[in-house]
Amino acid sequence: HKSVMLLLQHDGAFTKGVILNRPSALEIDGWRAWFGGDVAEGGTFRGVDGKGGQEIICLHSLQSEAALRLSLPVIRGVYQTSLVGAQALVTAGEAQRSDFWLFVGYAGWAPSQLEAEVERDSWYLAAADSAVLLRELLRQGTELPPPSAGERAAGDGLATWEALMCKIGKTEEVERTRDSLEDRMLKEWVSVYLLPRPPPRLIDTSRELPVDAVGLVLRTGGCTTRFTLSEQFIHKALLVVLHEASGVCISLVLNRVTANAVQLNTPTRPRRRICFGGEAKLRALDADSNGLLWLHRRADLGGTPIGDSGLLRMPSMQAAELIRAGAAQLADFLIVAGAVPWERAELARMLNEGDMEVVPNARTLWDGVFSMADATAESDKDDLSDGTALWWASTLLEEERGSGCDGSSLPHSVQALPLAQLADDALADWLKFFAGHKSASAHGE
């Protein structure tokens with residue numbers, strides 16, 4: 001988002017570039033590490049989520065014979081070399097450490113991919129002047145305290161992007177997008193990935209994952225920021241563990257209703273909203289060929305119980321037959337598309353660290369969960385619930401005391417105060433683009 005990219009390679013086989021406006025607070029061999037891109041950053045910034053091995057590119061403007069021998073030209077007056085090359089030039093006295101800018105990782109495009117992105121205005125082209133480029137790199141680097149000073153300071157690069165956009169006549173675009181949700185998400189991304197990782201959170205061993213987790217009802221923790229930058233649909237979510245096998249817990253999100261609906265071909269033509277259960281398509285456990293799973297809570301209808309949650313699952317054809325026979329109504333069912341698979345160890349860690357919490361007495365929430373999926377007319381798309389009120393209701397079901405977000409001892413209902421506005425807005429944005437919600441706000445019902 002709002003990155004300034006310098007292309008290092010562009011030919012019929014591959015396009016490669018580095019981002020020039022993401023200085024981090026991390027150091028490698030005494031150099032500030034700049035985030036060059038997602039590819040080959042080797043976990044430097046993203047940890048275990050890093051892509052590929054580590055590739056380090058050093059930019060400089062040295063033109064001595066020794067420097068040119070170890071370098072490749074990028075544009076007039078700007079060259080690239082490896083970390084080994086930069087270290088060798090400094091050791092030999094041919095350069096100072098300050099002559100180099102160190103980039104970890106790069107951005108890559110397949111043949112013709114970047115051209116297509118330029119055509120749809122995902123990128124704007126700008127002439128690359130070496131003096132301007134190096135002066136801007138120097139400005140960004142010197143405005144931040146050096147990582148060795150112990151201060152946690154990284155750059156979001158927004159000022160650099162705005163300055164360059166204004167120079168190419170895009171001032172209106174700058175003003176239109178300033179302080180947008182995307183800008184705020186970028187700032188959060190910088191704080192998560194470009195600063196030194198915080199120490200591990202304290203483990204609360206009292207929050208243990210049961211040996212048999214099936215039927216366990218969970219909610220997103222009241223203090224977690226884990227789902228702000230990714231998987232936003234899990235922010236303020238209610239989930240039930242549907243199945244566990246081979247160390248994997250398959251869970252369903254229950255409070256993310258979508259604009260999509262199922263309609264039965266019966267005289268009354270009843271309709272029911274589909275709930276988004278997760279990004280992984282269900283292919284078993286009574287899911288139909290479309291990946292839809294039918295849940296209900298009437299034991300007299302039969303089906304497979306989901307632990308002691310009070311919910312049961314059954315094949316869609318069986319549910320349809322019960323409805324046609326008059327033994328059930330469509331409103332008796334919650335139709336869920338998708339699931340969230342977690343390694344058991346990961347789910348246990350999320351419980352220990354407060355990213356997830358167990359919901360006691362969850363059966364009292366099912367009326368609200370099932371009513372979210374009511375669909376009586378096309379016009380009710382404006383009234384789709386974001387599900388956060390049900391999440392909030394789940395925090396009021398117990399009175400046990402726990403640790404607040406600041407470590408203080410608070411009643412659980414106080415501990416689970418709503419998260420920062422950014423996570424709520426990110427959820428609203430996700431619901432708009434992926435669940436068909438018309439409202440741009442995730443607040444209230």
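Which residues make a nonpolar surface patch of about 200 Å²? In this predicted model, the patch is made by Tyr124, Leu164 and Ile168. Tyr124 sits in the loop that runs between helix 3 (113–119) and helix 4 (130–143). Its relative accessible area is 30%, and because exposed residues have over 50% and buried ones under 20%, Tyr124 counts as partly exposed.

The strands can be taken sheet by sheet. Strands pair through backbone hydrogen bonds, in either the parallel or the antiparallel sense. One open sheet has 3 strands in the order 1-2-9, with antiparallel pairing. Its edges are strand 1 (5–10) and strand 9 (107–109), each of which pairs on one side only. On average, neighbouring strands of this sheet are turned by 25° against each other, direction ignored. Strand 1 and strand 2 (residues 15–19) are joined in the antiparallel sense over 5 bridges, and Leu7 stands opposite Gly17 of strand 2.

The other open sheet described here has 6 strands in the order 3-4-8-5-7-6, and its pairing is mixed. Strand 3 (23–28) and strand 6 (72–75) have a single partner strand each, so one side of each is left without a neighbour in the sheet. Here the average turn between neighbouring strands is 40°, direction ignored. Within this sheet, strand 5 (residues 56–60) pairs with strand 7 (residues 78–82) in the antiparallel sense over 4 bridges. His60 has Tyr79 in strand 7 as its bridge partner.

A helix accompanies these strands. Helix 2 (residues 83–91) lies across strand 3, strand 4 (31–35), strand 5, strand 7 and strand 8 (101–104). Helix 2 runs at about 100° to strand 7.

Technical notes: Residues numbered from 1 in each chain as written. Predicted model: local features only at pLDDT ≥ 70, side-chain atom pairs only at ≥ 80, totals over all residues. Heavy atoms only, no water. Patch = residues over 30% accessible without salt bridge, like charges linked within 9 Å, V, L, I, M, F, W, Y side chains within 5 Å. Areas by Shrake-Rupley, 256 points an atom, 1.4 Å probe, with all protein chains shown as cover. Salt bridge = Lys/Arg side-chain N within 4 Å of Asp/Glu carboxyl O. Helix = DSSP H or I, 4+ residues; strand = E, 2+ residues; numbered from the N terminus. Buried < 20%, exposed > 50% of the residue type's maximum accessible area, 1.4 Å probe, protein only. Pairing = 2+ DSSP bridges. Axes fitted to C-alpha atoms, helices over the stretch in contact; angles between N-to-C directions. Contact = heavy atoms within 4.5 Å.
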